[in-house]
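I open this notebook with the inside of the chain: first its empty spaces, then its packing.

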Amino acid sequence: MKKYSKLTTAAMLGAMIVGAASGCGKADLIIWTGFGASYTKAVQKLVDTYAEQSGLSIDHQGQGSYDKLQTNMNNSVATMSYPNIANGYPDHFAGYIRSGIMCSLDKYIAEYNQEHNVDLINDFYPQYMTENQSLLYDKQGKAYTMGLPFNKSTEVMGYNATFVAYAKSVDPTIKIPETWDEWNVEGPKMLAVMKNLYGKRLFAKGEKASDNLTDWEICESSVEEVPGKNLVMDCKDVNEAQFKLLCWDSTDNMFITIVRQWGGVYTTYTQQDSVTVKHGYAEFNSGENKAKTIEALNFFKKLNEDHIFGLPTEFDDSYSSSAFKANKCMFTICSSGGLSYNIASDPVMRFRLAPIPYKDAEHKYVISQGTNLGLFKQGDEETKKKAFDAMVAFTTGELQSQFSVDTGYYPASKSATNNAKYQALINQSDDELNETQLAYKESAILNENYYMSDEAGWIKFVDPGFVGSSTIRSEVKTIMAIVFAGEKTPEQILNESYSRLPDLTR
């Protein structure tokens, strides 16, 4: 059996490249991913396990970020030095398809089904297959399958349950808002509670990060200890001028989601031919979509002026997690795949989760996020078959289940959800889990009971990927901050955005 050896230093990596160029020492499979350090370790764990199981030598090269991954993939086209497998978003795959370096998976799926007497596609959740089957079509209009779903997440509303419990002790009518209109009702009530907490410290009886706190006491910031009570919320560095009750971590996701929730269309794309996607366009400022988008922007501008809603940039940060942990906001709409960033190493507040707010029952949209694994035209057919089998192993069953438990991402397949490792997380007693694991468990249950439930009425959406869709996303990322600045009208801002997208508007 071949043994897998992980390369851990630049010198060893260089030696591997030289060896590969000379025809010796090359790994059986090369995989590129775009995760940060912590999730790269989780992927490496899967690679190590599968390498041991399969007897293959596998070189997993983390690229550090999705932007770097996409750049390196594009740069590898001319030299044909791209990997056997890489993960990516639909718009990334659209570019790779246009470059002619991706394999459709349908042939390998058919062979796998016959060999294992299964229906592989049926194992994956339909919500996650849509984006993999809307990138390339044959001449009869039948979609090719261009990827398998790997790390999947959505957005959830995390909140400081310690603050909510205290607020309810002051005003029992306070509730967690479910709709955006309810934020106009509940937000002012919660802000009234906050007025007594700015620059102060909150103590209570009971364990820190507990749901059962009692006998609250507000103290000056200089007070370090209160006999018989624990510090449960520290607002000594929080001031009213900067405080926002709720922040949305991703400003581009926010824009895309509220356009949907207000009944508008964000982007569309034209029919495909047998080669690649022909074209896609921004639609959020076109026709009847324009008025809906402006209505949404004005709604959130008012929430911002009332200190109910804010953006990470208002805290001089790219994400709201730091402000959330510092009690500068009490609610955060964040990725279910990044929950751990909202939990301090020594947690005081109890971090809890709820579905994101929605406009009305007919528009309960929540974005579907995460990447897929793609197969590339590298190596002979036997190598491609080995690479495809590895992709299946990473996206189904025990390995996908392990990845979900380790990272908080949702399982991409039913076999992973039903696997003993994932079920153990969901069914384990809260007392046996740390704060991060509790968040993963609660997120998993929320996903099943709300976002994936037909009765709950939620729609997990993903906009079409096409060459240029990432450019549109980058453009809309800045719109909310400009709206909140108040120097231009929403209509002016949208018109200027369109002017910077001349090839992607019509």
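I searched the whole structure for cavities and found three of 30 Å³ or more, a cavity being a set of points on a 1 Å grid over the protein atoms alone where a 1.4 Å probe fits but cannot get out. The largest holds about 40 Å³ of space, volume being the space filled by probe spheres set on the points. I listed its lining (residues with an atom within 4 Å of a point) as Ile31, Thr33, Val43, Val47, Phe150, Leu373 and Phe394. Six of these residues are nonpolar, one is polar and none is charged. Both β1 (29–33) and α2 (37–54) give at least two residues to this lining.

I noted the basis of these entries: the model is predicted, local features need pLDDT of at least 70, side-chain atom pairs count only at pLDDT 80 or more, and totals for chains, interfaces and linings use all residues. Residues are numbered from 1 along each chain as its sequence is written, and side-chain values use heavy atoms, without hydrogens and water.

Next I turned to helix α18 (residues 469–476), whose buried residues (under 20% relative accessible area, 1.4 Å probe, protein chains only) are Ser469, Ile472, Glu475 and Val476. They lie on the same side of α18, because they cover an arc of only 115 degrees around the axis. I found that their cover includes α4 (90–99), α10 (251–261), β10 (267–269), β11 (280–282), α19 (479–485) and α20 (490–499).

Last, I looked up Phe300, which is in contact (heavy atoms within 4.5 Å) with Trp180, Met254, Ile258, Trp262, Phe309, Met480 and Phe484, leaving aside residues up to four places away in sequence.

How values were computed: Buried < 20%, exposed > 50% of the residue type's maximum accessible area, 1.4 Å probe, protein only. Helix = DSSP H or I, 4+ residues; strand = E, 2+ residues; numbered from the N terminus. Arc of directions from axis to C-beta. 1 Å grid on protein atoms, 1.4 Å probe; cavity = no way out; pocket = protein on both sides within 12 Å on 5 of 7 lines; lining within 4 Å. Nonpolar A, V, L, I, M, F, W, Y, C, P; charged D, E, K, R; others polar.
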